[in-house]
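Please open the model in your viewer and keep the sequence panel beside it, as this tour moves from one selection to the next.

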Amino acid sequence: MRICNACRYCEGFCAVFPAMERRMEFGEKDLLYLANLCHDCGECYYSCQYAPPHEFAVHIPQTMAEIRRQTYSEYAWPGALKGLFAHNGLALALGALIAPLLFMTYLYAVAAPGVFFGAHAVADGAFYRVMPHGAMIAVFLLLGIGVAVAFAAGLWRFWRDLGEPLATLFDGKAMQQAIVDAMTLRYLDGGGEGCAYPDEVPSTARRTFHHLTFYGFLFCFAATSVAAVYHNLLGWQAPYALLSVPVVFGTIGGIGLLIGPVGLMWLKIARDPETQDRKQSGMDTTFLAMLFLTSLTGFLLLILRESSAMGVVLAIHLGIVAGLFITMPYGKFVHAIYRSAALVLNALEKRRPVKLPVGEI
């Protein structure tokens, strides 16, 4: 970091280097902040005159990636589950297999065989004939509360260790700037040409695929929210017509979650090994696979919802969604929590006067 502060060649690449320049010393909280502010594009590695094989061996992307991996594990809540990060790929893979099996066993047990393996018309409220609405709400409400509590606990501990009071996390202007930076992936534009990802040639591919994944997820979440309003306020039961708002939102989001994760997976495979943190590969790829499977099974359910396969496909889809929910606080998704918090701190610091250790100059 001190070498970077002396060189400053990478000053305009992203938010990390201006944040470095606001510091003369780098304690644990500074490294924690900078690592989670980094978007891991690798551009500074290709531009650095002190990167390997130079004897200084400055390797910012790799250093930041290692600290981020430690962050994910350190702030996991409850602490007894932090070990899941060490075997995240295996945990996610088991979640993708076990959760659908549990759902299938449960639905087969509670629904009459003629219902589980039968064909139902959309107008008959097909989904809830297989799994009662109350049971579906109870399962996913409990999962949602558990995930929200785990995220909130991790975020609070992370923010506290950055040395910030809780009130600054909710600073209106800083939050607004952080949301804009996150929604636009501002620091992955490489000044307009794109970042050095998957190799040293500037490209906007990662930004594009990340947007497809991110907004695909948001559209699917919006589809579920609108469906909840339909059911609980208007009394309209799923499944809904093809041109209804929930299905249109779900279709748009589902397309994003098919293309985005596949694109990101392709970029990871093609990425220069010198800039990769191989210990995160399992966590990254299995999370992308879960997103892809969530979308794929959702489309299969849409296509087969009036066939005799609906009960089985519904069980598989709900199981994969449940598996995704359960593992979100212990997988790659947590980067969104800590990076958003780092973006808030970055916006705060830009408004604060720089405090230099005058006595040491």
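Begin by selecting Pro-78, which sits in the loop between α5 and α6 (88-110); helices here are DSSP runs of H or I with at least four residues, strands are runs of E with at least two, and both are numbered from the N terminus. The peptide bond that joins Trp-77 and Pro-78 is cis, with omega about 0°. This is a predicted model, in which local features need pLDDT of at least 70 and side-chain atom pairs count only at pLDDT 80 or more, whereas totals for chains, interfaces and linings use all residues. Residues are numbered from 1 along each chain as its sequence is written, and side-chain values use heavy atoms, with hydrogens and water left out.

Next, move to Pro-198, in the loop between β1 (195-196) and β2 (202-203). A cis peptide bond is found here too, joining Tyr-197 and Pro-198, and its omega is about 15°. As background for this stop and for two later ones, most residues other than glycine have a negative phi, and most peptide bonds are trans.

Now zoom out to the whole chain, which has 16 helices and two strands. Its radius of gyration is 23 Å, close to the 21 Å that the globule rule gives for 361 residues, so the chain is as compact as a globular protein of that length; the radius is taken over C-alpha atoms, and the rule is 2.2 Å times the number of residues to the power 0.38. Along its principal axes the C-alpha trace spans about 80 × 40 × 40 Å. If you colour the chain by accessibility, 46% of the 361 residues count as buried, where buried means under 20% relative accessible area, exposed means over 50%, and partly exposed lies in between (1.4 Å probe, protein chains only). Among contacts (heavy atoms within 4.5 Å) between residues at least 6 apart in sequence, 74% join residues at least 24 apart. If you colour by charge instead, there are 26 positive and 26 negative side chains, and the centres of the two sets lie 6 Å apart. For this count Lys and Arg are positive and Asp and Glu negative, with His and the chain ends not counted, and the place of a charge is NZ of Lys, CZ of Arg, CG of Asp or CD of Glu.

From there, go inside and select Val-16, Phe-17 and Met-20, the residues with the most contacts inside the largest nonpolar core, which has 55 residues. Such a core is a set of buried Ala, Val, Leu, Ile, Met, Phe, Trp, Tyr and Cys residues joined through side-chain atoms within 4.5 Å. Helices that each supply at least two residues of this core include α2 (16-21), α5 (60-74), α9 (133-161) and α14 (281-304), while the largest share, nine residues, comes from α16. Leaving aside neighbours within four places in sequence, Phe-17 is in contact with Cys-4, Cys-10, Glu-11, Cys-44 and Ile-60. Apart from this core lies another, of 26 residues, and you can find it by selecting Val-115, Phe-116, Val-130 and Val-321, which are among its members.

Return to the N-terminal part of the sequence and select Phe-26, in the loop between α2 and α3. Is Phe-26 buried or exposed? Phe-26 is buried, with a relative accessible area of 18%, and, not counting residues up to four places away in sequence, Phe-26 touches Met-1, Arg-2, Asn-5, Met-20, Leu-31 and Leu-34.

A charged residue comes next: Asp-284, which lies in helix α14 and counts as buried at 8% relative accessibility. What does Asp-284 touch, not counting residues up to four places away in sequence? The residues to display beside Asp-284 are Lys-268 and Lys-332.

Finish with two backbone details. Arg-8, in the loop between α1 (2-7) and α2, has a positive phi near 65° in a residue other than glycine, and Arg-8 counts as partly exposed at 42% relative accessibility. Ala-57, found in the loop between α4 and α5, has a positive phi of about 50° although it is not a glycine, and Ala-57 counts as partly exposed at 42% relative accessibility.
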